[in-house]
Amino acid sequence: MSKIATSLPNAAINLDRASATALYRQLYDQLRDAILSGRLAAGTRLPSTRELACELNIARNTVLNAFEQLYAESYLERRVGDGTYVSHQLPDDLLRVNKPPSTRTRLKRNAKAASFLAVSVANYSGPPRPFRTGTPAFDAFPYKLWGRLLSQRWSNYDKEMLQYSDSAGYLPLRNAIASYISTTRGVRCIPEQLLITSGSQHALELVIRTVLKPGDKVWIEDPGFLGARASFIAAGAQLVPVPVDDEGLNITSGIERCSDPQLIYVTPSHQYPLGSTLSLSRRLALVKLAARSGAWVIEDDYDSEFRYVGRPLAALQGLDTEQRVIYIGTLSKVMFPSIRIGYIVAPPDLFDALLSARCLGGHQSPTLEQAVLADFISEGHFARHIRRMRVLYAERQQALVNAAKSELKGLLEISPSDAGMHLLGWLPQHADDRHAFRAATTAGVEVTPLSAYCIEPPKRGALRLGYTGYKSREIWRATRRLAEALRGV
Ligand SMILES: Cc1ncc(COP(=O)(O)O)c(C=O)c1O
């Protein structure tokens with residue numbers, strides 16, 4: 001397939017000569033998409049049709065046709081003698097603040113958001129198999145103990161387990177979690193600031209519903225978590241993709257792209273999916289920016305329990321003296337995903353609004369599971385379980401690194417990581433990770449291409465491999481199958 005690519009500011013264009021869709025139509029669609037998602041902001045100057053045609057190596061007429069269509073629909077405007085700009089008044093009400101979006105716009109946004117989620121959960125059917133990510137070691141979960149705690153609660157005939165209860169969550173669980181995150185993560189909180197949610201995706205939705213309006217500017221990590229991106233798109237936010245490097249989110253680059261975001265989404269402990277840790281200097285710069293600009297910061301601390309070397313940096317929330325950081329945690333990784341329990345540590349100013357949103361959006365999480373989890377934590381089983389999983393996951397990671405060293409030479413470069421539940425395998429320079437993904441899928445190996453998480457194309461293709469849910473021999477077997485599949489790409 002012959003591909004053509006260019007990069008306008010914030011909007012990579014990828015045209016496919018082999019596609020049945022005309023090139024001008026592909027260009028039109030991608031520019032329109034970039035404008036509607038906010039990647040090409042209002043007022044951005046576009047290259048001339050001649051420059052763009054030259055850069056894309058296509059006929060100038062093709063660019064002219066795409067631009068004409070965008071002028072006709074008011075996405076672009078001409079300024080005589082000065083060139084072409086993204087219009088300030090967009091035809092879609094997608095970016096307009098204060099005006100409720102039409103039903104059609106909302107349906108379109110939701111469909112687009114769902115398509116992102118479809119990428120992230122595409123493989124998640126049937127029993128987990130290597131290298132599906134986000135899968136804890138189900139084979140090592142203390143089923144019997146959990147069953148005993150569950151049956152103890154159930155056999156007490158406690159009416160509290162059956163009736164409606166506090167939307168903020170079961171108080172003993174809020175106490176247990178508050179105490180756990182203050183001591184292990186340096187989060188500054190009291191139980192009264194905690195809201196129990198149905199996982200962190202739900203927590204994100206509640207925060208978005210509470211603090212964000214359509215058209216608000218949101219910094220997101222690029223590459224980043226698709227669930228967050230999907231929720232921001234569904235809310236009609238203007239996405240500002242901010243690059244990530246070895247020190248995590250690049251704050252300077254974010255400020256250059258947009259100095260006054262309303263919201264910043266970040267995974268500081270273990271950047272998703274690259275795995276870097278946000279450096280202390282950047283943490284300080286981020287809380288300072290939030291204090292100065294009044295932006296809210298969502299700290300998604302999804303897998304910080306699993307650090308194998310040294311101690312994790314304390315949570316960003318603990319550094320924030322201005323109460324701008326909204327801390328989100330989940331039990332999906334450390335317990336199991338179907339438990340559907342997560343939590344928000346709300347800045348005091350936001351607590352009541354978040355509680356109303358929680359109450360309206362389904363009232364509460366099931367009391368029984370909350371109570372059993374509270375027992376599991378307060379009786380010390382939780383801390384023990386984490387310690388055991390840390391040892392087991394370090395062993396499983398080592399198995400993957402060893403298997404890759406032996407089987408994937410020249411095909412995929414996998415280095416160990418100090419933290420997390422997945423590793424990235426880097427493909428040879430210029431290899432397309434979507435081709436590698438398709439070959440692996442055909443061979444029955446579940447991986448995700450790095451490009452699926454990217455807005456701007458990655459400099460090098462990679463595959464994401466989860467290892468925590470699989471025994472060493474399964475890891476070795478799947479690695480051999482993956483090697484065979486990659487040799488055929
Ligand atoms: C970075 C990140 N945030 C949030 C979530 C959502 O977790 P939950 O199952 O609690 O909704 C995930 C799930 O994989 C994740 O990877």
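Ala, Val, Leu, Ile, Met, Phe, Trp, Tyr, Cys and Pro count as nonpolar, Asp, Glu, Lys and Arg as charged, and the others, Gly among them, as polar. The model is predicted: local features need pLDDT of at least 70, side-chain atom pairs count only at pLDDT 80 or more, and totals for chains, interfaces and linings use all residues. Residues are numbered from 1 along each chain as its sequence is written, and side-chain values use heavy atoms, with hydrogens and water left out.

**Exercise 1.** Sort the shell around the ligand into nonpolar, polar and charged residues.

Solution.
- List the shell, where near means that a heavy atom lies within 4 Å. It holds G199, S200, Q201, F225, Y265, Y272, D300, Y302, T330, S332, K333 and R340.
- Now sort. Four are nonpolar, five polar and three charged.

**Exercise 2.** Find how far ligand oxygen atoms are from side-chain N or O atoms of S332, K333 and R340.

Solution.
- Take S332: the distance is 2.7 Å.
- K333 also gives 2.7 Å.
- R340 gives 2.9 Å.
- Then check the cover. Alone, the ligand has 400 Å² of accessible area (Shrake-Rupley method, 1.4 Å probe). The protein covers 88% of that.

**Exercise 3.** Which strands stand at the edges of the open sheet?

Solution.
- Strands are DSSP runs of E, at least two residues, numbered from the N terminus. Two of them pair if DSSP finds at least two bridges between them.
- Read the order: β3-β5-β4, with antiparallel pairing.
- β3 (45–46) and β4 (76–79) each have a single partner strand, so they stand at the edges.
- Look at β4 and β5 (residues 83–86): four bridges join them. R79 stands opposite G83 in β5.

Methods: A polar contact is a pair of N or O atoms within 3.5 Å; within protein, one must be able to donate a hydrogen and the other to accept it, and residues adjacent in sequence count only if both atoms are side-chain atoms.
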